[in-house]
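Colleague: Please take a close look at the strands of this model, starting from single residues and working outward to the packing around them. I would like one connected account, with the confidence values included.

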Amino acid sequence: MRQGQIAPLGSVIQNLRRITPGRQLDSDLEYMGPRPVYRVRWMTANGRRVDYFVDATTGAILSGR
């Protein structure tokens with residue numbers, strides 16, 4: 001993040017809140033091959049748990065299940 005290569009987790013969380021109202025349960029920085037990704041566990045407003053995988057470089061949501 002210091003070199004500007006990783007998106008701040010706070011902006012990723014704000015984006016997820018806009019897309020899916022709810023709250024963050026936890027998060028972690030992981031790797032899919034060489035790509036850094038945030039895994040964010042999310043609780044939706046209706047009580048469903050979703051695991052989002054977000055590209056940590058671009059902030060793009062890769063998947064949500």
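Modeller: Arg 23 is partly exposed, with a relative accessible area of 48%; that value falls short of the 50% above which a residue counts as exposed, and it is not under the 20% limit for buried ones, so the intermediate class applies. The model is a predicted one, and Arg 23 sits in strand E1, which covers residues 22-32. Leaving out residues up to four places away in sequence, Arg 23 touches Arg 41, Trp 42 and Met 43. Its C-alpha atom is separated by 10 Å from that of Val 40, which is 17 residues apart from Arg 23 along the chain.

Arg 39 belongs to strand E2. With a relative accessibility of 11%, Arg 39 counts as buried, since the limit is 20%. A polar contact of 3.1 Å links its side chain to that of Asp 26. Asp 26 is also among the residues that Arg 39 touches, together with Ser 27, Asp 28, Glu 30, Tyr 52 and Phe 53, again not counting residues up to four places away in sequence.

Thr 44 is in E2 as well. This threonine is buried, at a relative accessible area of 9%. The side chains of Thr 44 and Asn 46 are joined by a polar contact of 2.4 Å. Beyond four places in sequence, Thr 44 touches Thr 20, Pro 21, Gly 22 and Val 50.

From these residues the account moves to strand pairing. E2 and E3 run antiparallel and are joined by seven bridges. One bridge partner pair is Val 40 with Tyr 52, the latter in E3. The two strands make a hairpin with four residues between them, and Gly 47 in that turn has a positive phi of about 90°.

On to the next pair: E3 and E4 are also antiparallel, with three bridges between them. Val 54 has Ile 61 of E4 as its bridge partner, and Phe 53 has Ser 63 of E4. This hairpin leaves five residues between its strands; Gly 59, in the turn, has a positive phi of about 85°. E3 therefore has bridges both to E2 and to E4. E3 is also mostly covered, with six of its seven residues buried.

What does the largest nonpolar core contain? It has twelve residues: Ile 6, Ala 7, Val 12, Ile 13, Leu 16, Tyr 38, Val 40, Trp 42, Val 50, Tyr 52, Val 54 and Ala 56. Helix H1 (9-19), strand E2 (35-44) and strand E3 (49-55) each give two or more residues to this core. The bridge partners Val 40 and Tyr 52 are both core members. Ile 13 is another core residue, and with sequence neighbours up to four places away set aside, Ile 13 touches Gln 24, Val 40 and Trp 42. Trp 42 was already named above as one of the residues that Arg 23 touches, and Val 50 as one that Thr 44 touches. In soluble globular proteins, nonpolar side chains tend to be buried together.

As for the protein as a whole, it consists of one helix and four strands, in the order α-β-β-β-β along the sequence. Its radius of gyration is 11 Å, close to the 11 Å that the globule rule gives for 65 residues, so the protein is as compact as a globular protein of that length. Along the principal axes, the C-alpha atoms fill a box of roughly 35 × 20 × 15 Å. Of the 65 residues, 32% count as buried. When contacts between residues at least 6 apart in sequence are considered, 28% join residues at least 24 apart.

Finally, the confidence. The mean pLDDT of the protein is 92, and 94% of the residues reach 70 or more. Confidence is highest in E3, at 97, and lowest in strand E4 (residues 61-64), at a mean of 92. Where pLDDT is low, the predicted coordinates should not be read in detail.

Methods. Residues are numbered from 1 along each chain as its sequence is written. This is a predicted model: local features need pLDDT of at least 70, side-chain atom pairs count only at pLDDT 80 or more; totals for chains, interfaces and linings use all residues. Side-chain values use heavy atoms; hydrogens and water are left out. A nonpolar core is a set of buried Ala, Val, Leu, Ile, Met, Phe, Trp, Tyr and Cys residues joined through side-chain atoms within 4.5 Å. Buried means under 20% relative accessible area, exposed over 50%, partly exposed in between (1.4 Å probe, protein chains only). Contact means heavy atoms within 4.5 Å. A polar contact is a pair of N or O atoms within 3.5 Å; within protein, one must be able to donate a hydrogen and the other to accept it, and residues adjacent in sequence count only if both atoms are side-chain atoms. pLDDT is the predictor's confidence in each residue, from 0 to 100. The radius of gyration is taken over C-alpha atoms; the globule rule is 2.2 Å times the number of residues to the power 0.38.
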